[in-house]
Amino acid sequence: MACSSPLQMDKVVVSTQELAAVPNTPEGPGRLEPKLPPVISWWVKLALSPLTLVLPLLCLVTIVLRASTRNQPSRIKHAWTAFLSTLLIISGFMTSAAAVLSVAFVPLPAVVSKGISDLDERTIFPSLPSTDVMSGTAVATNLKPLVAVITPARRLWFSHQETMSGELGAGILLRANSEGYLFATARHVVDGLNWSGRANSRALVAMASGAWAGADVVAHHKHLDLALLWVPRESGHSDFVQPIASATDGEDVFVIGHPEGLKFTISNGMVSRVDQGSLFQISAPISPGNSGGPVFDNKGNLLGIVVFKMDRNVDPNAENLNFAVRADTLLSDSDWEFTGNGRQRLAEFASINSRGNISGGKSQPTAR
């Protein structure tokens, strides 16, 4: 006897019309959540918002509120944490923006003056070359005031004011007249060690008082480590021309500079060797900071500009091997690149020195 399976069911057929007639039902039962009041009322938020203007006070209030809600339910703690965090972020941005704007628009005290008061106020310069051999004391008294501190000028991006860089070298006053001052220094003092890049057009100059004055770099030597600087004069009219002479083997020399930042340090030695082309070798000790400084003979003539020493880190056998560029290379304008009034200023200086009848390695007194 055939019997049907108890699991066997008849096939149910539902037409399209019947399916369309079925009303839509929600996918699931709606969640019944209690509508809780906000943890922080709007008037509390409004009252605390001005604290974004005073970040330190907001930080203090945040600490107090966080401590007071420490034992509250998580919902209350999270709400306060989110609100206070928002206030702190807004206050941080506002404080940072205020700091930037205050630096950008509030003028900073100027660190660079227009003139060199040390030289403007001088009524007389030393008469050089001296008719007598100068002692170390006389060199310090008469020649140190002619030496300058030189540093490349850096322009502040937010105020366009000039300020000094972290590097410094030395320079020597070549010429003073009623219009300004002409200085010589080593080119790497104002341009750095890489000459292939863009030449620096500005530098700062300071004398013994330490007040900085802006200077135009009016000439760069094409091949030698030399540069010329010009500072316009603000007052005074006393005149000066630095006499130039050629170095001779074995003569006594004095070097003035700022070794390792020790400003206006004087050292002495002798000319060790002169057959070095445009350079000559000296035994007077030098260090970083002497670059661009003068090498004087014992009459006050300028023999050279300090440019480098042999580094014992490179050659451990090097012992006090120091070099200067011959000062008479300053007088030829054929290898200079001039800007501004550089050519005119150098020509004036060279002309006066040539009238001093430079011969026999020493210049004669020039009119000043």
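A residue is taken as buried when its relative accessible area is under 20%. By that cut-off, six of the six residues of strand β5 (residues 180–185) are buried in this predicted model, so the strand is largely enclosed by the rest of the structure. Both sides of β5 are covered. Gly-180, Leu-182 and Ala-184 point one way, Tyr-181, Phe-183 and Thr-185 point the other way, and all are buried.

Strand β5 has paired partners in β4 and β8. With strand β4 (residues 169–176), the pairing is antiparallel and runs over five bridges. A hairpin of three residues makes the connection from β4 to β5. Within this pair, Leu-182 of β5 is the bridge partner of Arg-175, and Leu-173 stands opposite Phe-183. With strand β8 (residues 227–232), β5 pairs over six bridges, again in the antiparallel sense. Here Tyr-181 has Val-231 of β8 as its bridge partner.

Strand β4 is likewise mostly covered, with eight of its eight residues buried. Besides β5, β4 pairs with strand β2 (residues 147–155) in the antiparallel sense, over four bridges. Val-147 has its bridge partner in β4, namely Ile-172. A further antiparallel pairing, over two bridges, links β4 to strand β9 (residues 240–241). In that pairing Arg-175 stands opposite Val-241 of β9. Arg-175 thus has bridge partners in both β5 and β9.

The largest nonpolar core has 60 residues. Phe-183, Val-205 and Leu-228 have the most contacts inside this core. Strand β7 (residues 212–221) gives the most to the core, contributing six residues. Apart from it lies another core, of 13 residues, which includes Ala-245, Leu-303, Val-306 and Ala-324. Beyond its neighbours within four places in sequence, Leu-228 is in contact with residues that include Leu-182, Phe-183 and Ala-184. The contacts of Leu-228 also include Asp-216, Val-217, Val-218 and Ala-219, as well as Leu-330, Trp-336 and Leu-346.

Ala-219 also takes part in a contact with Glu-337. Glu-337 lies in strand β16 (residues 336–338). The C-alpha atoms of Glu-337 and Ala-219 are separated by 5.4 Å, although the two residues are 118 residues apart along the chain. Leaving aside neighbours within four places in sequence, the other contacts of Glu-337 are with Arg-187, Val-218, His-220 and Lys-222. The relative accessible area of Glu-337 is 43%, so this residue is partly exposed.

On the surface, a nonpolar patch of about 620 Å² is made by Leu-53, Val-54, Leu-57, Leu-60, Val-64, Ile-90 and Met-94. Helices α3 (55–68) and α4 (74–105) are the elements that give two or more residues to this patch. Helix α3 gives the most, with three residues. Leu-60 is placed in α3.

Over the whole chain there are eight helices and 16 strands. Buried residues make up 40% of the 368 residues. Among contacts with a separation of 6 or more, 67% join residues 24 or more positions apart. The chain exposes about 20,700 Å², of which carbon and sulfur atoms supply 59%.

Notes
Residues are numbered from 1 along each chain as its sequence is written. This is a predicted model: local features need pLDDT of at least 70, side-chain atom pairs count only at pLDDT 80 or more; totals for chains, interfaces and linings use all residues. Side-chain values use heavy atoms; hydrogens and water are left out. Patches are made of residues with over 30% relative accessible area and no salt bridge: like charges are joined within 9 Å, nonpolar side chains (Val, Leu, Ile, Met, Phe, Trp, Tyr) within 5 Å. Accessible areas come from the Shrake-Rupley method with a 1.4 Å probe; for residues, only the protein chains shown count as cover. A salt bridge is a side-chain nitrogen of Lys or Arg within 4 Å of a carboxyl oxygen of Asp or Glu. Buried means under 20% relative accessible area, exposed over 50%, partly exposed in between (1.4 Å probe, protein chains only). Two strands pair if DSSP finds at least two bridges between them. A nonpolar core is a set of buried Ala, Val, Leu, Ile, Met, Phe, Trp, Tyr and Cys residues joined through side-chain atoms within 4.5 Å. Contact means heavy atoms within 4.5 Å.
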